Each structure stands twice: as structure tokens, then as C-alpha cells.
Amino acid sequence: IEIAGGIDAGTVRLAVRDFGPGIAARHIPRLTERFYRVDAQESRARGGTGLGLAIVKHILNRHRGKLAIQSELGKGSIFAIRLTLHSP
């Protein structure tokens, strides 16, 4: 994986990129739903619950952040978050 991040114009950004099999476009809108799995059989074999991205989205929503997911079959995926910095 690759991890990149930074701060610009009062916004914190963090992106995690993998070079795995990628995710079909039809699944991307549902990835943050609780218990949604692209491949339920493989997820169960690895011990996944289908909650990870739902939790990420919930935390980001509570902090007024944004999650963006990009993926292409055969080329991997990018999961990026943005959070606005607030003055103390």
C-alpha cells in the first residue's frame, strides 16, 4: 500500500492506495453500508464483518469530513479522506 497526506488551505487530507484486484464500479456506492461485502465468501474467510468503511464514514460524518473511493478492476483502489481544520 501507499499512504499519502498533507494539509492545504485548512484541510487535512489522507489517502491510502492499494494495488489489489480493485472493486467493480457497481459496488463503490454501497461500500460504506453496514455489513455490505463485495465478496461475502472471501470476506468471511478472512474474518471481515463488512463494518470497516461504515465506521470510517460515520466518524467522518461526525467531524464533517468526506470520504472518496476510487477503484479500477485490476489496478487497485484509493480511499481518501478530507477533514477541515478548526481553530482552537
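**View 1. Antiparallel pairing of strands β3 and β4 in the predicted model.** Strand β3 (residues 66–72) and strand β4 (residues 76–84) run antiparallel and are joined by seven bridges. This is a predicted model. Within the pairing, Leu67 has Ile81 of β4 as its bridge partner. The two strands form a hairpin with three residues between them. In the turn, Gly74 adopts a positive phi of about 85 degrees.

**View 2. Salt bridge between Lys75 and Glu72.** The closest N and O atoms of this pair are 3.6 Å apart. Lys75 is exposed, with a relative accessible area of 54%, whereas Glu72 is partly exposed at 44%. A search of the whole structure finds three salt bridges; the other two are presented in Views 3 and 4.

**View 3. Salt bridge between Arg13 and Asp8.** The side chains meet at an N to O distance of 2.9 Å. Arg13 is partly exposed, its relative accessible area being 32%. Asp8 also counts as partly exposed, at 33% relative accessibility.

**View 4. Salt bridge between Glu33 and Arg30.** The closest N and O atoms are separated by 2.9 Å. Glu33 has a relative accessible area of 33% and is partly exposed; Arg30, at 39%, is likewise partly exposed.

**View 5. Nonpolar surface patch of Ile1, Ile3, Leu14 and Val16.** Together, these four residues have about 390 Å² of accessible area. Val16 belongs to strand β2 (residues 11–18). With a relative accessible area of 30%, Val16 is partly exposed.

Conventions. Residues are numbered from 1 along each chain as its sequence is written. This is a predicted model: local features need pLDDT of at least 70, side-chain atom pairs count only at pLDDT 80 or more; totals for chains, interfaces and linings use all residues. Side-chain values use heavy atoms; hydrogens and water are left out. Two strands pair if DSSP finds at least two bridges between them. Helices (H or I, at least four residues) and strands (E, at least two) are DSSP runs, numbered from the N terminus. Patches are made of residues with over 30% relative accessible area and no salt bridge: like charges are joined within 9 Å, nonpolar side chains (Val, Leu, Ile, Met, Phe, Trp, Tyr) within 5 Å. Accessible areas come from the Shrake-Rupley method with a 1.4 Å probe; for residues, only the protein chains shown count as cover. Buried means under 20% relative accessible area, exposed over 50%, partly exposed in between (1.4 Å probe, protein chains only).
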